[in-house]
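Please work through the exercises below with the sequence and the 3D structure open beside you, and attempt each task before reading its solution.

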Amino acid sequence: MSVQYKLVTCTINGVERSGMVDVRASLTDMLRNDYRLTSVKKGCEVGECGACNVIIDGECFNSCIYLAVWAEGKNIRTLESLLGPNGELSDIQQAFVDETAIQCGFCSPGFIMTAVEILEAGKLYTDDELRKLLSGHLCRCTGYENILRAVKKTMYKRLGVEWTEE
Amino acid sequence: MYDMKALYEAGSVAEAIELLQEHPQAQIIAGGSDVLVQMREGKRAGAELVSIYGLDELRGVTLEADGTIRIGSLTSFSHITKDPIIQKYINVLGEAVDMVGGPQIRNIGTIGGNTCNGVTSADSASTLFAWDAIVELTGPDGVRRISIKDFYIKAGVVDLKPAEIQTAILIPKKSYEGYQGHYIKYAMRNAMDIATTGCSVNVRLSDDKKIIEDVRIAYGVAGPIPMRAPAAEKMGNGKVVSREVIEDFSKAVLEDLHARTSWRATKEFREHLAVELAKRALTESVHLAGGEIA
């Protein structure tokens, strides 16, 4: 069987991109290999760890179990889109640094993109709700408490609500 | 890269059926959270796939003229949970599918895929059994509608004829009007886990909220496919709401269940769970329906 390709046009981090894609590729393959967006990590590759998480049309998806050809016409955002014009960190990335929510960093891009979806909802979630919303990610350096605190702190800041740590 | 022989993308339901007729060996892929994982594991390696993921006509929840709730088969779990029609008439289904996997899985996983893979642990299936859902299948000979009970044949096998796809799940008005229900998933973790046993109960009380007019109960992982417990239902129907009735009802579920030992849990533990979950889910359903337990 000869290799089958398809032209896929989509918006990636605000820019319209077009390219021939092997139909067997996952979206992770396409983002990493064709567009060099290496924040999208290859972890478990079966949709369990969340390291490859990206935002597609406003919702989070594990790009490892998403066929690249399904990206046609979609609006895709990866961690790279969060940086300012001179490489400045966004508030949520800075909060991960400040709260030591990073050790090896492999899970961080996936976690941060889920955090972006949480923050963009503009709601004040409880700790239990935040834990559930963040539950699709594994961190093998066991940094969950710090990650929760980084997301929570940024959520309070963006909503202009004062947060005093218990 | 996935080990796939070829991919055919359907642009419409009619085209999906044609593609399945042209490629009889091909397997259907919807959201892919089962198919792609199994392909990665080698189980479906080298397969031809017909992708129906692009069929937006199969997405969304609508209320038909006769009051039937129509859930397009490609509607994702998260969209079912957020849907105002589901929240208003059959909130328990939204709650049940909110327990599948984790957030990203609930964005890609579809209710059609959850039922077509034929597994007993599907979080949507026990609730659909408990609400007498109808499965709509579209194939070369047109549309047919069958009860979800008849759709499941045996573990991993559903009544999907060659070149047929599931296009909707329907909940008729008489199945949901006046009912309130509750689902409990028992698993080892709160996220990214498969139910050890799941139990979905719903109840319709009399106008004075004292009598159980109708009670329905269904399980996942209490047998090879999702199943109802008719003996318990028969026992509960027409009874005055009381602690004793709920107790007797929950014990009666064992007359119908076929729990077995697997690496996840023993038969004995599953039977213990089945009784306890029945009790708790019926108690909660009665509360939701406005009843008080004497």
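The exercises that follow treat a helix, two sheets and a contact between chains.

This is a predicted model, in which local features need pLDDT of at least 70 and side-chain atom pairs count only at pLDDT 80 or more, while totals for chains, interfaces and linings use all residues. Residues are numbered from 1 along each chain as its sequence is written, and chains are lettered from A and ligands numbered from 1 in the order in which they are written.

**Exercise 1. Compare the expected span of helix H5 of chain A with the distance between its end C-alpha atoms, and state which of its residues are buried.**

Solution. Helices (H or I, at least four residues) and strands (E, at least two) are DSSP runs, numbered from the N terminus. The expected span of a helix is 1.5 Å times one less than its number of residues. For the 16 residues of H5(A), residues 144–159, this gives 22 Å, and the end C-alpha atoms are 23 Å apart, which agrees. Next, a residue is buried if 20 or more other C-beta atoms lie within 10 Å of its own, exposed if 12 or fewer, and partly exposed in between, with C-beta atoms placed from the backbone. By this rule the buried residues of H5(A) are A:Ile147, A:Arg149, A:Ala150, A:Val151, A:Lys152, A:Thr154 and A:Met155. Their cover includes helix H2 (91–98), helix H3 (108–120) and helix H4 (127–133) of chain A, where a contact requires C-beta atoms, placed from the backbone, within 7 Å. After H5(A) comes A:Gly160, with a positive phi near 65 degrees.

**Exercise 2. Trace the sheet of chain A that has the order E2-E1-E5-E3-E4, and examine the pairing of strand E3.**

Solution. Two strands pair if DSSP finds at least two bridges between them. The sheet is open, has 5 strands and shows mixed pairing; its edge strands, E2 (15–22) and E4 (59–62) of chain A, each pair on one side only. Strand E3(A), residues 53–56, runs antiparallel to E5(A), residues 75–77, and is joined to it by 2 bridges, with A:Ile55 opposite A:Arg77. E3(A) also runs antiparallel to E4(A), through 4 bridges, and A:Asn53 has A:Asn62 as its bridge partner in E4(A). These two strands, E3(A) and E4(A), form a hairpin with 2 residues between them, and A:Asp57 in the turn has a positive phi of about 45 degrees.

**Exercise 3. Which strands of chain B stand at the edges of the sheet E4-E5-E10-E6-E7?**

Solution. This open sheet of 5 strands has antiparallel pairing. Strand E4 (61–63) and strand E7 (142–147) of chain B each have a single partner strand, so one side of each lacks a neighbour in the sheet. Within the sheet, 4 bridges join E5(B), residues 69–72, to E10(B), residues 165–171, and B:Ile71 has B:Ile169 as its bridge partner in E10(B).

**Exercise 4. How many residues does each chain bring to the contact between chain A and chain B?**

Solution. Chain B brings 23 residues and chain A brings 28 residues. On the side of chain B, strand E1 (4–9), helix H2 (35–41) and helix H6 (103–108) each supply at least two residues.

Definitions and conventions
Contact = placed C-beta atoms within 7 Å.
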